[in-house]
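Dear colleague,

I am passing on the structure we spoke about, and I would be glad if you could look through it alongside the notes that follow.

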Amino acid sequence: MAQAPYTSPLAGALAPDLLERFERYVRIDTQSRRERERSPSTPGQLELGRLLVAELRQANLADAELDEHGYVTATLPAGDEASNASGPVVGLIAHMDTSPDAPGAGVQPIVHRSYPGGVIELPRLNTRLDPATMPELATKTGHDIVTSSGDTLLGADDKAGVAAIMTAVAHLAANPELPRPALRIGFTPDEEIGEGATLFEIERFGALCAYTIDGSELGELQDETFSAVEVIISIHGVDVHPGQGTGKLVNALRLAARIIATLPAETLAPETTSGREGFIHPYELSGTPGLAQIHAIVRDFDEQLLAGHVALLEHTAREIVDSDPRARLELEVRRQYRNMRSYLEPNPYVTAAAEIAIRAEGIEPLRSPIRGGTDGSRLSEMGLPTPNLFTGGHEYHSVREWASVQDMAAAAATIVRLAEVWTRPERFGSPAK
Ligand SMILES: [Zn+2]
């Protein structure tokens with residue numbers, strides 16, 4: 001028999017509005033582009049930004065605006081006198097762009113009502129969602145599941161987060177008697193290409209702390225991310241016409257291939273690690289015999305281990321390139337973001353408030369480190385403590401991406417609870433203002 005989906009009266013009441021918004025937002029192509037010339041990297045993000053500003057103004061958030069870099073901000077004032085609300089200003093953040101890793105144009109969402117269990121077959125490209133390989137899907141019988149048509153991503157990452165915030169804010173705005181502090185809303189562009197926090201104005205945002213709504217499974221609360229480094233390895237060979245190459249040609253491509261082949265694969269690779277293990281991941285190889293380049297990302301939760309992985313990569317590259325004195329190595333190490341734990345630990349009340357809100361919604365908090373980064377990784381480092389909350393979306397960055405309507409509505413309901421929790425900051429040890 002189908003198991004009844006998680007539901008609460010509040011989530012149930014919010015679900016229809018949430019689904020309507022979600023379907024509207026995912027149809028706009030907001031895929032970001034790695035080769036960024038300006039912010040945002042693509043015009044579709046501005047189109048969604050303009051729509052969100054119009055909807056926020058309609059909900060009476062009079063200062064809603066889209067700035068020249070594609071960031072949407074708005075303020076929901078504290079509840080009215082009847083709500084007896086006070087408390088510090090709290091931020092809610094989601095990103096508007098979708099991943100460049102799967103097709104993002106022409107998204108046609110399909111709602112599979114009351115999922116009976118089993119394989120979901122999508123109409124295009126024979127895309128299948130098989131609960132045998134998707135353990136979370138197996139737990140969602142009875143839910144309304146939203147998918148793409150099989151040939152695009154869905155965009156629940158992070159339009160589920162955008163829709164959850166918009167639904168919660170519209171609900172709070174329409175019910176000023178509900179207790180809440182002033183809330184600041186921020187929708188960011190280009191998160192998927194690592195630029196979401198770049199032009200975020202923390203001072204102007206003016207919040208004590210914030211929450212990204214950009215996680216996945218129901219109940220997730222994440223205050224740990226990878227620490228992240230990118231390494232760009234350039235190998236200079238000696239390019240000679242192959243007909244005259246005898247004893248002269250030094251092929252940079254061969255050296256690059258040897259470096260990749262020498263790196264550990266049974267350990268320290270994303271395909272062979274999980275949980276708290278870090279990795280070295282070469283993700284792009286380009287070049288000619290004269291010059292080859294390897295782009296790799298290096299990840300770990302621990303700074304010292306991360307430094308060790310970078311040293312291993314550097315040592316491997318150096319040893320192989322130095323084996324031919326005519327070849328030359330250049331190595332650039334770029335810091336991307338740092339584990340947010342070090343910034344959240346001194347402010348434990350930020351995560352504590354979210355934990356109380358999730359429980360108030362009848363959900364058990366799921367604490368797991370993120371094998372990746374969020375806008376919150378860099379925002380926390382920049383001075384705005386920002387842990388991450390669940391959205392109800394799954395299988396991100398792929399044509400199999402799906403989301404549960406009930407779980408997305410639970411995210412919206414959790415935001416409403418979080419607003420109430422923040423009107424009594426003394427309960428969880430927060431400084432009041
Ligand atoms: Zn995301």
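Helices here are DSSP runs of at least four residues, of type H or I, and they are numbered from the N terminus. Please keep in mind that this is a predicted model.

With that convention, S377 falls in helix α10, which covers residues 375–382. Is S377 buried or exposed? Its relative accessible area is 0%, and because buried means under 20%, S377 counts as buried. Once residues up to four places away in sequence are set aside, S377 touches T225, Y337, R338 and M340.

A second residue described in a similar way is A354, which sits in helix α9, made up of residues 348–360. A354 is buried, its relative accessible area being 0%. Apart from neighbours within four places in sequence, A354 is in contact with Y211, L221, L389 and L418. In the case of Y211, the two residues are 143 residues apart along the chain, while the C-alpha atoms of A354 and Y211 are separated by 8.6 Å.

The metal site may be of interest to you as well. Which protein atoms serve as donors to the zinc ion? They are NE2 of H95, an OD atom of D157 and two entries for OD of D214, lying 1.9 to 2.7 Å from the zinc ion. Along the chain, these donors follow the spacing H-x61-D-x56-D. The pair D157 and D214 links distant parts of the chain, since D157 belongs to helix α4 (residues 156–174), whereas D214 lies in the loop between β9 (209–213) and β10 (220–222), 57 residues away. Both aspartates count as buried, D157 at 7% relative accessibility and D214 at 11%.

As for the geometry of the site, the angles among the four donor atoms of the zinc ion run from 52 to 148°, and the site is irregular. The reasoning is that four donors count as tetrahedral if all angles lie between 85 and 135 degrees, and the range of 52 to 148° at the zinc ion goes outside those limits. For reference, the ideal angle for four tetrahedral donors is 109.5 degrees.

Finally, there is something to look at on the surface, where L253, I260 and L285 form a nonpolar patch with about 210 Å² of accessible area together. Within this patch, I260 lies in helix α6, which spans residues 252–262, and I260 counts as partly exposed at 31% relative accessibility.

With best wishes

Note on methods:
Residues are numbered from 1 along each chain as its sequence is written. This is a predicted model: local features need pLDDT of at least 70, side-chain atom pairs count only at pLDDT 80 or more; totals for chains, interfaces and linings use all residues. Side-chain values use heavy atoms; hydrogens and water are left out. Patches are made of residues with over 30% relative accessible area and no salt bridge: like charges are joined within 9 Å, nonpolar side chains (Val, Leu, Ile, Met, Phe, Trp, Tyr) within 5 Å. Accessible areas come from the Shrake-Rupley method with a 1.4 Å probe; for residues, only the protein chains shown count as cover. A salt bridge is a side-chain nitrogen of Lys or Arg within 4 Å of a carboxyl oxygen of Asp or Glu. Helices (H or I, at least four residues) and strands (E, at least two) are DSSP runs, numbered from the N terminus. Buried means under 20% relative accessible area, exposed over 50%, partly exposed in between (1.4 Å probe, protein chains only). Contact means heavy atoms within 4.5 Å. Donors are N, O and S atoms within 2.8 Å of the metal (3.2 Å for Na, K and Ca); water is not among the atoms, so sites may look incomplete. Four donors count as tetrahedral if all angles lie between 85 and 135 degrees; four count as square planar and six as octahedral if opposite donors are over 155 degrees apart and all others between 65 and 115; anything else is irregular.
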